[in-house]
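Please open the model in a viewer and follow the selections below in order. Each stop names what to select and then describes what is there.

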Protein chains: 4
Amino acid sequence: MKPVHQVKTKPGMTTDELCKELSKAGVMGAGRVGKAVDVLEKAISDKECTVFFGLAGCMVPGGMQQILIDMINDGWLDAIVTTGAMVVHDIVEALGTKHEICDTMNDAELHKKGVNRLFDSSLPQNAYMKLEDWLRPVLDKVPREEISIREFLEVLGKNIPSENSWLKTAVSKNIPVFSPGFFDSGLGVMTYFYHQEGPKNHLNISALKDIGEPIKLVQDSKKSAAFLIGGGVPKNHIIQAAQFIDKGHTYGVQITTDRPEPGGLSGASLHEGISWGKFGEASEMVDVIADATIALPLITSALKERLSQSK
Amino acid sequence: MKPVHQVKTKPGMTTDELCKELSKAGVMGAGRVGKAVDVLEKAISDKECTVFFGLAGCMVPGGMQQILIDMINDGWLDAIVTTGAMVVHDIVEALGTKHEICDTMNDAELHKKGVNRLFDSSLPQNAYMKLEDWLRPVLDKVPREEISIREFLEVLGKNIPSENSWLKTAVSKNIPVFSPGFFDSGLGVMTYFYHQEGPKNHLNISALKDIGEPIKLVQDSKKSAAFLIGGGVPKNHIIQAAQFIDKGHTYGVQITTDRPEPGGLSGASLHEGISWGKFGEASEMVDVIADATIALPLITSALKERLSQSK
Amino acid sequence: MKPVHQVKTKPGMTTDELCKELSKAGVMGAGRVGKAVDVLEKAISDKECTVFFGLAGCMVPGGMQQILIDMINDGWLDAIVTTGAMVVHDIVEALGTKHEICDTMNDAELHKKGVNRLFDSSLPQNAYMKLEDWLRPVLDKVPREEISIREFLEVLGKNIPSENSWLKTAVSKNIPVFSPGFFDSGLGVMTYFYHQEGPKNHLNISALKDIGEPIKLVQDSKKSAAFLIGGGVPKNHIIQAAQFIDKGHTYGVQITTDRPEPGGLSGASLHEGISWGKFGEASEMVDVIADATIALPLITSALKERLSQSK
Amino acid sequence: MKPVHQVKTKPGMTTDELCKELSKAGVMGAGRVGKAVDVLEKAISDKECTVFFGLAGCMVPGGMQQILIDMINDGWLDAIVTTGAMVVHDIVEALGTKHEICDTMNDAELHKKGVNRLFDSSLPQNAYMKLEDWLRPVLDKVPREEISIREFLEVLGKNIPSENSWLKTAVSKNIPVFSPGFFDSGLGVMTYFYHQEGPKNHLNISALKDIGEPIKLVQDSKKSAAFLIGGGVPKNHIIQAAQFIDKGHTYGVQITTDRPEPGGLSGASLHEGISWGKFGEASEMVDVIADATIALPLITSALKERLSQSK
């Protein structure tokens, strides 16, 4: 057995110096955060590895938007799977509305003021009007033939009028963005109402067309990695995609606070995925049990240092 | 202020007698379980109330399938929103494969034996072959014109060859089943591969067609209720549907172990929904912080007693 | 492998009928609650088994006082380890102050009103004055020679002027009550101030005198059981006591919502105790991940039925 | 309302630069970690503020020992309240046994090998023999008159033969260390057996003698702070100590993963303490919901930078 390293800190230490210490500690949350940086460094710096990013939770209202943009701009990610809400929050910021720090939990009062709460952040309800004003002319540009949700998100991404958007950044770098449950969202509902208005507005968006694309991406890669923030559809879609190759994803990192005991996928250990063939016995995996708004900035700032040195 | 009632128990007490005691306690988990029964009793017995059921998590592998079937057969539910996995697990059982109690967490060994683990339950991998054998002729019957995911699920439900299925039960009772992220699932992938095989198999399943139906159901109802197991798409889809009426859902009960602090919707309090207009200031709501495989049997068996008496 | 039983419920079913169904389910929270009843039934009905009860958390303000009293009166428990707060809350109720349902989280306002909050229950601050008025003449009766904390708690228990107390019930039935951290509590502070007032009031309460008594109880028993609500000192004290015999505790049931990953004892699995010799390889153990105010009433009401039948 | 700042990261950024960004984010876990650094900076750099440190959980086996030693050496802490286990783990390391990274959860096998598991770290059972060999001659030096637990811990601390100990460091710097539940621990049991061996070994350790000392420390300070890792006795003892002054502790930071809903103190928000007078309406407080082995190194390394600059 290896001894637990007692973590050393010093004034002015970098986040990567800290993460290396945590990695050496080797146990509990410390060891997991440290290992997450180590595994992601391998996955991202390996040219043969396709990195999937599962984006759920509440990242933009939690102040993580620029980190997402940087991850894409720095070339860390090869494919993204997300939820409708993650896109809504992103475009809302891109259109100039800031999420706000919400200092009350008096929801009735907030409702009267037209403020929508997301735990301790919030969003003015009129952000949705701005969103709809932007959306409708964009929907006019959506091709009327059968398209996939990925293709639909490409149209959205191309028409975002600001660089301040992870979706625009991903689309401009040709990173595919999947979102099988996308239309369950504010943007989904707005699109539905547009679509209902008459034959001219009828959109032919297939729920099926892009479902196999992540599988193909995995099959066409020598190695693949699953980097997962939160659970839900993004987690399932990414790890399921590796079930159709023998060795599963080579790397896996998830950040979650969900519990495993009730059996739901969101709280499941990545290790469980070995039984399904979603990961292999030799895969390097780690579950970071943490609020992603704490763990993600720490891990990604460490990775920035490490990956910039390795260039 | 009201005193906390000290819960009284006795040999042979019924689950409803217990839940009434918990309701009188009025605080902590006890009070929440008790209130959940009270709120659901009101919602279900109110003829003017449309009850939405959000079904996520891991209920069939957790032994809750018959409870789901009973809830539908007893007329408690008016609409269901679910995930692909919930349908997979249900049909697997309907086709005769039992989920199993998994006594090992040695996932590499399980993989070699062809056993897929879901925390401490499991499923033989060959259940998926049986599922695909059943699915392909059913897909031949799916209309080739544009259909919604709800309509697709109706076709599946009608063709399940056993009463041992919550989906079949729902479909046979004309309860709409929505699942915006459905194709992110084993059934989704199988359907995709079928669909890819050539123009004859091309399915035209719209990601958009039924998105507004839950909204319309709420708008057409005098009152509505959200009964939510777990989070994810089902929770969002159901509570979002009430944002388009003034008073929001009249009743809300959720059972979850997710934490609210990281800001994700799955762990969010229902109360937060008031700020969004998903619930109103006068709505009766309760968050039960519990493993649904504990809370659901307790709550529903109590409700069975209470609702059978009220007939 | 054994199939997961799909739980059957019916109107008017008893809590024990439900727990038997959960036990047959065999997985997730359902299976754990069911197993807890099964293990406790064995432990309690086994005349050769000494049952230790670890009492932490917030049980009396959570409405669980009568359940605790019944457990003692019904002869289920042979020794109790608890915290100072559990004793404070118990005596407060015995002296006639009810905990209350707290409908606000405005703590500044509560403070102004003299109301102390415990999540969503509360206690008027003047309950502490009543407690002190009762305590001082009781302290006059405490022997001045060296006594243990257990002996101190016996004096308290004997002088409680109401049957409405788990401590009085335990003391009257000669159940030893241990509490190594007892003086960290409101009663501890009051006792300290009394003790400081002069040589006449000087109490000689040994922190050490009863530390080995639980060990001796285990050593003198053929079998022993650990039934634990919450963690902290009670959990450690009880499971540590079995480290000095070869086979550890024969039975173990804990109810907790604490997480295991940060490594603290409160969230640790009982299974981990096997490595320490606190439990043996053959011990029957279960961790119920649940709010004890939900799980305890369900489990104990089922046990009442089962144990009354077995008489 | 203030906008949520979108966190900026860069290669080579220091942990304090990151924490300042998190503080600016202002919401969710990010905002809480950032605020924790801000509040602790104020508390520690304020010469009029007495800083209490509550030390529970599993810090030394989790690789946090050096961080604890540094916090004391850097003059951040004025009083410590801890558990018996924290002292055991500390002295074990000081005596030369390293905690180890445990790569199996096969507890029966570990038991056969004489290895005690603490989640994913472990300790060889023979560390306890070494501990006892060290302890007995130290106990010979313990004064036989009535002493407090604090005084007992001073004797232990003075006799630790290595600087590699937070307890020795604290004692050598005259930082009082309180531990009301101390004798519930391996060291407690060893001391008990020694004490039992005959009148010569009889120790007169009062459970009561130092209970009021934290209260006096608070009363004698212009301001006070509660910095809490985990819950249990240390948390209660520290926050309770401020109930006897009007304004409560001026500052409060806790790091925990415990849930508040079941009502136990360990998971309670610090804010709740306002109702009790443990904190005041104007106190600056934050609950960091995180594994302390992640949050503590991040927070303390940032503080090191910030406090070294302020000198």
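A residue is called buried here if 20 or more other C-beta atoms lie within 10 Å of its own, exposed if 12 or fewer, and partly exposed in between. The model on display is predicted.

**Stop 1: helices α9 and α11 of chain C**

Select helix α9 of chain C, residues 186–195. How many of its ten residues are buried? Eight of them are, and the helix is mostly covered. To mark the buried positions, colour G186(C), L187(C), G188(C), V189(C), M190(C), T191(C), Y194(C) and H195(C). Adding α4 (84–94) and α6 (126–141) of chain C to the selection shows the helices against which these buried residues of α9(C) pack.

Next, select helix α11 of chain C, residues 232–240. Nine of its nine residues are buried, so this helix is largely enclosed by the rest of the structure. The buried set includes the charged residue K235(C), and also G232(C), V233(C), P234(C), N236(C), H237(C), I238(C), I239(C) and Q240(C).

**Stop 2: helix α2 of chain A and its two partners**

Select helix α2 of chain A, residues 28–45, together with α13(A). The two axes come within 10 Å and cross at roughly 45°. α2(A) and α13(A) are therefore oblique to each other, and the crossing is right-handed. On the α2(A) side, display V33(A), A36(A), V37(A), L40(A), E41(A), I44(A) and S45(A). Their counterparts on α13(A) are A295(A), L298(A), I299(A), A302(A), L303(A), R306(A) and L307(A). By class, this contact has eleven nonpolar, one polar and two charged residues.

Keep α2(A) selected and add helix α13 of chain D, residues 292–309. How are α2(A) and α13(D) oriented to each other? Their axes come within 6 Å and cross at roughly 75°, and the two helices are therefore roughly perpendicular. Here M28(A), G29(A), A30(A) and V33(A) of α2(A) meet T293(D), I294(D) and P297(D) of α13(D). This contact has five nonpolar, two polar and no charged residues. V33(A) takes part in the contact with α13(A) and also in the contact with α13(D).

**Stop 3: G273(A)**

Centre the view on G273(A), which is found in helix α12 of chain A. Is G273(A) buried or exposed? With 29 other C-beta atoms within 10 Å, G273(A) is buried. Leaving aside residues up to four places away in sequence, G273(A) touches I239(A), G248(A), K278(A) and F279(A). For orientation relative to the previous stop, a line from G273(A) to V37(A) spans 21 Å, C-alpha to C-alpha, and the two are 236 residues apart in sequence.

**Stop 4: the contact between chains A and B**

Show chains A and B together. The contact takes 61 residues from chain A and 61 residues from chain B. On the chain A side, the elements that give two or more residues are α5 (107–113), β5 (115–118), α9 (186–195), β9 (205–206), α11 (232–240), α12 (273–276) and α13 (292–309). Which of these elements gives the most? It is α9(A), with six residues. The residues of this side divide into 28 nonpolar, 24 polar and nine charged.

Now superpose the two copies. A turn of 180° and a shift of 0.0 Å along the axis lay chain A on chain B with an RMSD of 0.0 Å. Of the interface residues of chain A, 100% are also interface residues in chain B, so the copies meet through the same surface.

**Stop 5: chains B and C**

Replace chain A with chain C in the view. Chain C can be laid on chain B by a turn of 180° and a shift of 0.0 Å along the axis, with an RMSD of 0.0 Å. That is the relation of a two-fold axis. To find the axis from chain C, select T14(C), whose C-alpha comes closest to it among the residues of that chain, at 1.9 Å. The same surface serves both copies, as 100% of the contact residues of chain C recur in chain B.

**Stop 6: two residues with positive phi**

Most residues other than glycine have a negative phi. Select M28(B), where phi is near 50°. M28(B) is found in helix α2 of chain B, residues 28–45, and is buried, with 31 other C-beta atoms within 10 Å.

Finally, select N174(D), where phi is near 60°. N174(D) is placed in the loop between α8 (166–172) and β8 (177–178) of chain D. With 8 C-beta neighbours inside 10 Å, N174(D) counts as exposed, whereas M28(B) is buried.

Terms used: Residues numbered from 1 in each chain as written. Chains lettered and ligands numbered in written order. Predicted model: local features only at pLDDT ≥ 70, side-chain atom pairs only at ≥ 80, totals over all residues. Contact = placed C-beta atoms within 7 Å. Helix = DSSP H or I, 4+ residues; strand = E, 2+ residues; numbered from the N terminus. Least-squares fit on C-alpha atoms with pLDDT ≥ 70 in both. Axes fitted to C-alpha atoms, helices over the stretch in contact; angles between N-to-C directions. Parallel < 35°, antiparallel > 145°, perpendicular 65-115°, else oblique. Left-handed = near helix turned anticlockwise from the far one by under 90°.
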